[in-house]
Amino acid sequence: MNTRKVSIVPPEEFSNLKFQPAPESSVGLPAVTSAMKHISEEIGIIDGLKVINKMNQHGGFDCPGCAWPDPDHERSALGEYCENGAKAIAEEATKKRVNTDFFSTHNVEEMSDWSDYQIGKSGRITEPFYMAKDSSHYQPISWEEAFSKIGKKLKSLDNPNEAAFYTSGRTSNEAAFMYQLFAREFGTNNLPDCSNMCHESSGTGLSKTLGIGKGSVTLEDIHQSELVVVIGQNPGTNHPRMLMALEKCKQNGGAIVSINPIHEVGTNVFIDPQNPLKILKGGTKLEDLYIQVKINGDVALLKATLLLMLKAEEDRPGTVFDHDFIERKCDNYQEFIHHLRESDFGTCVQESGLTEIEVRQFADLLISKKKIIFCWAMGLTQHENGVENVQEIVNILLLKGSIGKPGAGTCPVRGHSNVQGDRTMGIWEKPKEAFLAKLDEQFGISSPRKHGFDTVETIRAMDAEQIKVFISMGGNFISATPDSQFTGEAMKKCELTVQISTKLNRSHLVTGDEAIILPCLSRSESDLQNGKQQFVTTENSMGVIQKSEGTFEPASPQLLSEPAIVAGIAQTTLSKSKTNWQEMILNYDTIRNHIEAVIPGFENYNSRVRKKGGFYLPNGARSGEFNTESQKAVFTINPLPKNTIDANHFVLMTIRSHDQFNTTIYGMHDRYRGIHNERRVLLMNPKDMQKHGFEKEQVVHLTSHYGKETREARNFKIIPYNIAKGCLGAYFPETNVLVPINHVARESNTPASKFIAVSVST
Ligand code: SF4
């Protein structure tokens, strides 16, 4: 293990907290002002507007932010982006540079004492860098030397499973396909990804019940729905353009329910910044009902609701459940109903943290509507029972026949622009046999069949010194993963870590013995191969494959594209490879032809993706076909979670600020919650503050408890907030240190970052 003295967690220091009451509406002019401020600071208004006006437009590039879809056909000339999309572009098109001068001035020990915000603001990395085992300074290295070092190290391993190849959701389909091909040709399925930490519970629960691990709805379905339930999700900050879709749903007569321990302004009132009338009149009230469920009270709420639906169906047979759909399309109905009858309504209501009146209001909406959509995100998936949460939603939709028809279905909203596409391309530690067989046939290779490590397993394997080489295609592994201290120490045990990145982050500072940074092109930048302009493709949250073409000048002439970097590593590592890596990078159509040959749904890929708006991948659940073992949708039995914690403890959930996208901290404000210039805050219900004798802005420390294990994060200021009693909210990555590595969701292994038992001390 290297002996560099680097800080794995952000400094536990305060900035300059200013707390105001949260605003009553989201977006509107403040969002425009904030977007322009970020653009002007990083790029300058004129250059910035040139770039941003190409984002999410036909012929332009895909937003590197979240995976919310663009309209299928017409795009707004005023801009198809949100405030946070603008911030994402400001970050990647910044004029600041991390170059040789930068690294000769700053060593990694010094930089690791910076906040993640400061590290991220350093700018774009301009050339490859290498840090030797006995050094704490990065030095420039040529691409040839960098590839050669990586190839040599990989070839020296006793076993290909001593390497892990991580992917973040920024990676394009083309790069992801090449990357997994390389890993498998090399001989391992160690392909952990960011999906393991977010929507893995959705994929697992949906695959089991509906036969596809993706959502079933389209944007048009949301517009047409009679009832959209937004549960465990904060679209105002994390998927802002979703608010426009919710507004359309409202305009068409639909109702919206928001279920969240924190009452978020985003789902309350939305002001469309492109509509002057709305700006003047004060916007659209989105929520018809807000339900302040306690953290992990979702299954209890859904079960109590199901009991009320069952009662209504028994009172008025045939008016609540869709029996025709259930009989034709579903399995396990009788067993499910039998179990449901055994559930106690009073216990379920109590465990949800709600009143019976609130549960009945929600149930009444579900009883009376026929076209229902559930949207969700990490608030549901990052629990021990994350898979069960998703399955209980499916139970409701199946009873209502609300799947496989317009205006109805499942909508797990993905947080990173191509996280769904990367999985489609085969970035998965548990690949299906049919996929591997096709891959082998297409490339004449023998892919390993043994399953690889997911993210949590990779960290444990690093700790056990089973993983010696860790390569990261994008992302910020150290700040994204749970149990920061444990993960950082595990990472330091690796012999070589490689980061393929656009910007500096903490994962470049907490490294293995040797570390290499390979800088790549960003989405908005022109990708020329052999003098010819290339484009890549991505898949959004609703399964649309679309073209993304950057046309702006790269931040440095020394940058390579992600596909070219994969090819460079593959060519130096796989000396006997029969794969023509060079041909693939000279013309990305070649990569897409291979994808078409291996993955179903990509017929005529190159021609269809060139059409405006791209094309939809097949989706059985969307068309009412369920590719489960029985070819039917499956009702599941999901026990009530046992949320037992010590009487003096709270349940903490990690959250993002409004100036944050995953681990990227764009700024120090959380405008929608009225919090400014500070990230070390702890949202607490005023009644809990009173009960425990805490004052506003009092400094406290957090200790998490998991079995006999404890972990600590110091220095947070208490903010009185509209959050469910007994619950706390605090930002990640600052609180990732409190998430135990072994506290994960059953089946999906997703870290339980939304249920951390903590004590609060002064
Ligand atoms: S909603 Fe998501 S994809 Fe759309 S502009 Fe905003 S961050 Fe980008």
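Let's start with the lining of the largest pocket: it divides into 12 nonpolar, 15 polar and 10 charged residues. Keep in mind that this is a predicted model. The pocket's volume is about 1200 Å³. Its lining has 37 residues. Which of them lie nearest the centre of the pocket? They are I212, G213, K214, W428 and K432. Three elements give two or more residues to this lining: α9 (200-210), α21 (419-424) and α22 (433-443). Which one gives the most? That is α9, with five residues.

Next, the cavities. How do we look for empty space? Rolling a probe the size of a water molecule over the atoms shows where it is left. Searching the whole structure turns up five cavities of 30 Å³ or more. I'll take the second largest cavity, which holds about 220 Å³ of space. Around it sit 18 lining residues. Nearest the centre of this cavity are L521, S522, R523, D527 and V536. And what classes make up the lining of the second largest cavity? It has five nonpolar, seven polar and six charged residues.

Now the ligand. Look for these residues around it: N56, C63, C66, W68, Y81, C82, G85, P240 and R241. Three of those names are cysteines: C63, C66 and C82. By class, this shell has six nonpolar residues, two polar ones and one charged one.

On to a strand. Find β8, residues 227-231. Is it mostly covered or mostly open? Mostly covered: five of its five residues are buried. Here is a rule to remember. In a regular strand the side chains alternate between the two faces of the sheet. Now check β8. On one side you find L227, V229 and I231. On the other side are V228 and V230. Every one of these is buried, so to speak on both faces.

What does β8 pair with? One partner is β9, residues 255-259, and the pairing is parallel, over five bridges. In that pair, V230 stands opposite S258. Another partner is β14, residues 372-376, again parallel and over five bridges. There, V229 stands opposite F374.

Two single residues to finish. The first I want to show is H649. Where is it? In the loop between β24 (633-634) and β25 (650-655). Is H649 buried or exposed? Its relative accessible area is 19%, and buried means under 20%. Therefore H649 counts as buried. What does it touch? Leave aside its neighbours within four places in sequence, and H649 is in contact with H705, V758 and S759.

The other residue is R608. You will find R608 in helix α29, residues 605-608. Its relative accessibility is 24%, so R608 counts as partly exposed. Now set R608 against K642. How far apart are they in space, C-alpha to C-alpha? The answer is 49 Å, with their positions 34 residues apart in sequence, counted as a separation. As for contacts, do not count residues up to four places away in sequence. R608 then touches G601, F602 and E603, and also G614, F615 and Y616.

To recap: the largest pocket has a volume of about 1200 Å³, β8 has five of five residues buried, H649 is buried and R608 is partly exposed. Over to you for questions.

Note on methods
Residues numbered from 1 in each chain as written. Predicted model: local features only at pLDDT ≥ 70, side-chain atom pairs only at ≥ 80, totals over all residues. Heavy atoms only, no water. Near = heavy atom within 4 Å. Nonpolar A, V, L, I, M, F, W, Y, C, P; charged D, E, K, R; others polar. 1 Å grid on protein atoms, 1.4 Å probe; cavity = no way out; pocket = protein on both sides within 12 Å on 5 of 7 lines; lining within 4 Å. Points joined across faces, edges and corners; volume = space filled by probe spheres on them. Buried < 20%, exposed > 50% of the residue type's maximum accessible area, 1.4 Å probe, protein only. Helix = DSSP H or I, 4+ residues; strand = E, 2+ residues; numbered from the N terminus. Pairing = 2+ DSSP bridges. Contact = heavy atoms within 4.5 Å.
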